[in-house]
Amino acid sequence: TTTTTSTAAARLLLSQTAALFDAALAVDGDNVLGLLGQRCFVRMHPELIPVPRDAELEADLMARAKRVPLARVYRAQRELQTAEHPNLLTLLALVQLHLLNNASAAARVLQRAVDGGGPEAMFLLSRCYEAGQGVPPNPTRALDLRMRALDAGCLVAAVDLGWCFEHGVLVPMSIPKAMVMYKTAADAGFALGMHSLAVCHEKAQHTALAVPLYRSAADLGSMLAYEQLGRLYEQGLGCAKDRAEAMRCYRIALEQGSETAERHLQALTGSQPDNGHAANPEPVQD
């Protein structure tokens, strides 16, 4: 129920955001700038939009955005300069950062969006302070903004913070704290949070706890989770060995472009892949 409610709330958020982008960027023929901005928001709220990340779509949108005539980009920038809504300010920052290569201007606009309470802007500005992009590097400020983004509902920040605790970046290394962050994202229905928490369980030799998390992430379309499930079923780790189920998981991952799954399928079937898929696959039990 919680996930359903969160999904509905996110779809409303993204619908409203898309409407804002459409209105602000009518200057752009097919509104590719708006689509690029919306895709950015989808990436920051994947727990709410349970679809696999489409790297090819993102690359295509970015390529199309970079082909938009600069006159249109500058006009869009002028239209957005007077915006007050933090989502529109965040879009302006994306335009400045990715299309106008003006990181310092983007950082200033993101600060305006942060002041307006935009969690996505908090997360993006934290990345700027971490990398020294448009602002002097400031790890303390980066961590503070990332925590604020999490508190404001940007769950990508939870996974990001989990990674930081897991690897000792910005914060002292702490696997227990990393798992708390990953669990926060997982409990909200974020597939990457489930996957990351499962990996931590495996590292702690608690593979049986990892299996249901991988399954839940796979149900949300996670290619990485299908890869891991295939491996666990193939080797009988944390679950009964099941070659057919392993192949089924690998095939689903392969359909999403997994080279790892392709190699495993080739090894299991003893055949060469055909056009990105394993040739002569054996029957798979559902």
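In which loop does Leu170 lie? In this predicted model, Leu170 is placed in the loop between α9 (156-167) and α10. The backbone at Leu170 has a positive phi of about 70°, although the residue is not a glycine. Most residues other than glycine have a negative phi. Leu170 is partly exposed, with a relative accessible area of 27%. Leu170 is also one of the residues in contact with Arg146, a residue of helix α8.

The chain as a whole contains 15 helices and two strands. Of its 286 residues, 50% count as buried. Among contacts between residues at least 6 apart in sequence, 49% join residues at least 24 apart. The mean pLDDT of the chain is 80, and 72% of the residues reach 70 or more. Over residues 1-7 the pLDDT is below 50, and this stretch has six contacts in the model beyond near neighbours in sequence. Residues 275-286 also have a pLDDT below 50. For residues 275-286, 25 contacts are found beyond near neighbours in sequence.

The two helices on either side of the Leu170 loop, α9 and α10, pack against each other. Their axes come within 8 Å and cross at roughly 165°. Because angles over 145 degrees count as roughly antiparallel, α9 and α10 are roughly antiparallel to each other. The crossing of α9 past α10 is left-handed. On the α9 side, the residues that meet α10 are Ala158, Val159, Leu161, Gly162, Trp163, Phe165 and Glu166. On the α10 side, they are Ile175, Lys177, Ala178, Met181, Tyr182 and Ala185. By class, this contact of α9 with α10 has 10 nonpolar, one polar and two charged residues.

Helix α10 (residues 175-187) also packs with helix α11 (residues 191-203). The axes of α10 and α11 come within 7 Å and cross at roughly 145°. As in the pairing of α9 with α10, the crossing of α10 past α11 is left-handed. Met179, Tyr182, Lys183, Ala185 and Ala186 of α10 meet Gly193, Met194, Ser196, Leu197, Cys200 and His201 of α11. The contact of α10 with α11 has seven nonpolar, three polar and one charged residues. Tyr182 and Ala185 take part in the contact with α11 and also in the contact with α9.

A further helix pair is formed by α7 (residues 119-131) and α8 (residues 139-151), which pack at an angle of about 160° with their axes 8 Å apart. That angle makes α7 roughly antiparallel to α8. In this pair, α7 passes α8 in a left-handed crossing. The contact is made by Pro119, Met122, Phe123, Leu125, Ser126, Arg127, Tyr129 and Glu130 of α7. From α8, the contributing residues are Arg141, Ala142, Leu145, Arg146, Arg148 and Ala149. These residues divide into eight nonpolar, one polar and five charged.

Two arginines of α8 that belong to this contact, Arg141 and Arg146, fall in separate burial classes. Arg146 is buried, with a relative accessible area of 1%. Leaving aside neighbours within four places in sequence, Arg146 is in contact with Phe123, Ser126, Arg127 and Glu130, among others. These four residues belong to the α7 side of the contact with α8. The other residues in contact with Arg146 are Ala157, Asp160, Leu161, Cys164 and Leu170. One of these, Leu161, also takes part in the contact of α9 with α10.

Arg141, found in helix α8 as well, is partly exposed, with a relative accessible area of 21%. With neighbours within four places in sequence left aside, the contacts of Arg141 are Gln111, Leu125, Tyr129 and Arg148. Leu125 and Tyr129 are among the α7 residues that make the contact with α8. Arg141 and Arg127 are 14 residues apart in sequence, and their C-alpha atoms are 9.9 Å apart in space.

A positive phi also occurs at Asn101, with a value of about 50° at a residue that is not a glycine. Asn101 is located in the loop between α5 (86-99) and α6 (103-115). Asn101 is exposed, with a relative accessible area of 66%, whereas Leu170 is partly exposed.

Methods: Residues numbered from 1 in each chain as written. Predicted model: local features only at pLDDT ≥ 70, side-chain atom pairs only at ≥ 80, totals over all residues. Heavy atoms only, no water. Axes fitted to C-alpha atoms, helices over the stretch in contact; angles between N-to-C directions. Parallel < 35°, antiparallel > 145°, perpendicular 65-115°, else oblique. Left-handed = near helix turned anticlockwise from the far one by under 90°. Contact = heavy atoms within 4.5 Å. Nonpolar A, V, L, I, M, F, W, Y, C, P; charged D, E, K, R; others polar. pLDDT = per-residue confidence, 0-100. Buried < 20%, exposed > 50% of the residue type's maximum accessible area, 1.4 Å probe, protein only.
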